[in-house]
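Load the model in your viewer and set it to show strands and side chains. The stops below say what to select next and what is there.

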Amino acid sequence: MGEVGLRQAQEKMRAAGAADVAIRVFTHYYRLLESGQQGKIPEDDIEPVGDLPHLDHLDTDPDALRAALAETAVIKLNGGLGTSMGVTGPKSALPVKDGLSFLDIIARQILATRRKYDVRLPLVLMNSFRTKDESLRILGEYDGLAIDGLPLGFQQNMEPKLLADDLTPAEWEPDPELAWCPPGHGDLFTALVASGTLEALREHGFRHAFISNADNLGATADPRIAAWMAEHDVPFGMEVCRRTRSDRKGGHVAVRKSDGRLILRDSAQVADDETQYFQDISRHKMFNTNNLWIDLDRLAELMAGHDGILGLPIMVNRKTVDPADPASPKVIQLETGMGTAIETFEGSQAVIVDRSRFKPVKTTNDLLVLRSDVYELDEAGELTTKHEGDEPYVDLDPDYFKILADFEARFPAGPPSLVAADRLAVRGDVAFGKDVSVVGDVEVTAPAGERRVIPDGTELR
């Protein structure tokens, strides 16, 4: 049945216009799945990382910084829809600060860095077919952002979801698009080649790319890391942060015992009976921020030498074909993570960065903190803060705040002040008036079945 399913999937991809290299990569992972590989990394095969360089201790010579940044391009992963928050369009188009979207702020960051260092610094988005048009329209409002000969974006590949019982391509008549899925953000490397973007960047003299998620506004092109990459001839660099209790479920870096290489282990790669090791932040102390730096020439060499297949570890994602319908057929999505490429580049390194470079917005909890007075946005698009210590922990009742429209209806006059807050937990249906402030550790509850309104000007302690 496997060969039949593979052939059907390949034909479906060809009919949809998929690039040959994308079909080869899909075929590679289909055969891994068929052979029983699940991509697990046993604890006995790895050991914790040792000492790593810190961003604050890297070279700051002005000439070296500018020279390295002049050969750097910025790539933002922009395939995400805000479906988890009930948003239908690109998450990056969502207003997040002072009425500006992620993309507005990213464009301002890029233009400000260009002016400061007198460099070209192109911005390139990896879009999905659902995010492309709206995202490019937003960026098109910024004069001079596009660079002649380089695209502002390229498109992520798509592959068929596979029925879990026989590994044939899924079909879903109510919404045929749901029968397709992206191959995870590890597809970045395949899509760079398939779209011609990798070759275009190299032809225009760019040696390195800084890659990060569009929803992480802390991920700016820091010239110190660019100079470190150039000086030490680093083929692949990963920014890591120290894990806290809230990071126990996030991917961590480790050293593979068999060859001494750095690797990334995500939760999907952990055996059920080894979760305690994965979540031990005193053992595995560093997590992947998904801020990556890559030598484009080395990437091109690896891709050419392996027929476009980097051989990233497989991730088997089990879902239903319609994620909103648990009764719909069970499917498998074959995915890879771009951070796992750290093990494929000989000489890969990691650098420790402060938490300020990791500010992803995955939920309305994160969005409330970003929109609040915890952060201020300067003219260069940089986020600054007057909040002391770690940013406040926000936990909003998902029954009333998970969906963006519900969230915004409960903050009609804007977010409360959180600059003096340590924690804000909201249980039940609570709406906030104007000029509400939170001080210290606060939990607010509403009576069952009723809405509680916090009056204007209230200070919650």
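Which residue in β17 is the bridge partner of G237? Select G237 and look across to β17: the partner is Q349. Keep in mind throughout that this is a predicted model.

**Strand β11 and its neighbours**

Extend the selection to strand β11, residues 236–242. Of its 7 residues, 6 are buried, so the strand is mostly covered. β17 (residues 349–352) runs parallel to β11, and 4 bridges join the two. Now add β14, residues 286–295, which pairs with β11 in the antiparallel sense over 6 bridges. To check the register there, pick M238, which stands opposite L292 in β14.

**Salt bridges with buried partners**

Stay on β11 and show the side chain of E239. E239 forms a salt bridge with R357, with 2.7 Å between the closest N and O atoms. This pair links distant parts of the chain: E239 is in strand β11, while R357 is in the loop between β17 and α11 (364–371), 118 residues apart. E239 is buried at a relative accessible area of 0%, and R357 also counts as buried, at 5%.

Next select E43 and R265. Their side chains meet in a salt bridge, 2.7 Å from N to O. E43 lies in the loop between α2 (20–34) and β1, and R265 in strand β13 (residues 262–265), so the contact ties together parts 222 residues apart in sequence. R265 is buried at 0% relative accessibility; E43 is buried at 5%.

**A salt bridge with an exposed partner**

Move to K386 and E376, whose side chains meet in a salt bridge at 3.7 Å, N to O. Because K386 is in the loop between β19 (383–385) and β20 (393–396) and E376 is in strand β18 (residues 375–377), the pair ties together parts 10 residues apart in sequence. K386 is exposed at 64% relative accessibility, and E376 is partly exposed at 40%. For a network, select R207, D233, D295 and R298, which are joined by salt bridges that share partners. The model has 29 salt bridges in total.

**Surface stops**

Select D59, D61, D63 and E231, which form a negative surface patch. D59 is in the loop between β1 (46–47) and α3 (62–69) and is partly exposed, with a relative accessible area of 35%.

Finish at P174, in the loop between β8 (162–163) and β9 (180–181). P174 is exposed, at 65% relative accessible area. Draw a distance to D322: the C-alpha atoms are 9.4 Å apart, although 148 residues separate the two in sequence.

Key
Residues are numbered from 1 along each chain as its sequence is written. This is a predicted model: local features need pLDDT of at least 70, side-chain atom pairs count only at pLDDT 80 or more; totals for chains, interfaces and linings use all residues. Side-chain values use heavy atoms; hydrogens and water are left out. Patches are made of residues with over 30% relative accessible area and no salt bridge: like charges are joined within 9 Å, nonpolar side chains (Val, Leu, Ile, Met, Phe, Trp, Tyr) within 5 Å. Accessible areas come from the Shrake-Rupley method with a 1.4 Å probe; for residues, only the protein chains shown count as cover. A salt bridge is a side-chain nitrogen of Lys or Arg within 4 Å of a carboxyl oxygen of Asp or Glu. Lys and Arg count as positive and Asp and Glu as negative; His and the chain ends are not counted. The place of a charge is taken as NZ of Lys, CZ of Arg, CG of Asp or CD of Glu. Buried means under 20% relative accessible area, exposed over 50%, partly exposed in between (1.4 Å probe, protein chains only). Two strands pair if DSSP finds at least two bridges between them.
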